[in-house]
Amino acid sequence: GYMDEKMIIGEILKENGSKAATDWFYDYCVKNHYVKKSVLDKNLRFQASNGLIVTINKAKPEFRDPETAIKGNSVEEGFCKCVICRENEGYGARGKRNLRTVSLTLCSQSWFWQYSPYGYLKEHGIIVNSSHTPMRIDRDTFLLLMDFVDKYPHYFAGCNAPLPGIGGIVLSHDHYQGGGEILPL
């Protein structure tokens, strides 16, 4: 059940470290069909000899409506404030019945991690502020990102610009991107 998953991840983290815990959690999210691995495997990926990687995401088209980005894909029925709020976990009406999250403490603040069902990168996930606060970039952003990669050194962490049409598709809720790729900062 739901509580058993959280306990399993906590035990793996404590006994075997963050890589083993994220490996188990990613595999679990693939097996419960939240991460659409069979669709993601259709994405095109080219690697040049100089290390440059080009990917073409065929799994889910980019979202380009700046007005919706500003609203943060708000949820009109009021159960969740937006599509990445933790209240979406297990919420079938939003297609999140299989969504599972894991709590994170970053810089003494409450955050959580969830994998993206249609990730752009290997083991693509989202680091989400537990408080529904607007996206921003400031000094704390870099401290939070560094705290994340200190705890999960096998993952990268990055930030979209908090600007409509240029940055993330959800600007109303502070979050970062992460996953199992090596990317420049």
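Here is a short tour of a predicted model, with two stops to select in your viewer.

**Stop 1: a patch on the surface**

Start by selecting Leu 44, Phe 46, Leu 52, Val 54 and Ile 56. Together these residues make up a nonpolar patch on the surface, with about 430 Å² of accessible area. Now colour strand 1 (44-47) and strand 2 (53-56): each of these strands brings at least two residues to the patch.

Next, click on Leu 44, which sits in strand 1. Is Leu 44 buried, partly exposed or exposed? Its relative accessible area is 35%, so Leu 44 counts as partly exposed; that label covers values between the 20% and 50% cut-offs.

**Stop 2: the aromatic rings**

Time to look at rings. How many aromatic pairs does the structure hold? There are eight. For one of them, select Tyr 26 and Tyr 115: their rings are edge-to-face, 5.0 Å centre to centre, with 75° between the planes. This pair joins distant parts of the chain, since Tyr 26 belongs to helix 2 (residues 18-31) and Tyr 115 to strand 4 (residues 109-115), 89 residues apart.

Keep Tyr 115 on screen and add Trp 113. Here the ring centres are 5.4 Å apart and the planes stand at 90°, so this pair is edge-to-face too. Check the surroundings as well: Tyr 115 is buried, with a relative accessible area of 1%, and Trp 113 is buried at 4%. Tyr 26 is also buried.

To finish, select Phe 25, Tyr 26, Trp 113, Tyr 115, Phe 148, Tyr 152 and Tyr 155 in one go: ring pairs link these residues into a cluster.

Key: Residues are numbered from 1 along each chain as its sequence is written. This is a predicted model: local features need pLDDT of at least 70, side-chain atom pairs count only at pLDDT 80 or more; totals for chains, interfaces and linings use all residues. Side-chain values use heavy atoms; hydrogens and water are left out. Patches are made of residues with over 30% relative accessible area and no salt bridge: like charges are joined within 9 Å, nonpolar side chains (Val, Leu, Ile, Met, Phe, Trp, Tyr) within 5 Å. Accessible areas come from the Shrake-Rupley method with a 1.4 Å probe; for residues, only the protein chains shown count as cover. A salt bridge is a side-chain nitrogen of Lys or Arg within 4 Å of a carboxyl oxygen of Asp or Glu. Helices (H or I, at least four residues) and strands (E, at least two) are DSSP runs, numbered from the N terminus. Buried means under 20% relative accessible area, exposed over 50%, partly exposed in between (1.4 Å probe, protein chains only). Rings of Phe, Tyr and Trp (its six-membered ring) pair if their centres lie within 6.5 Å; planes under 30 degrees apart count as stacked, over 60 as edge-to-face and the rest as tilted.
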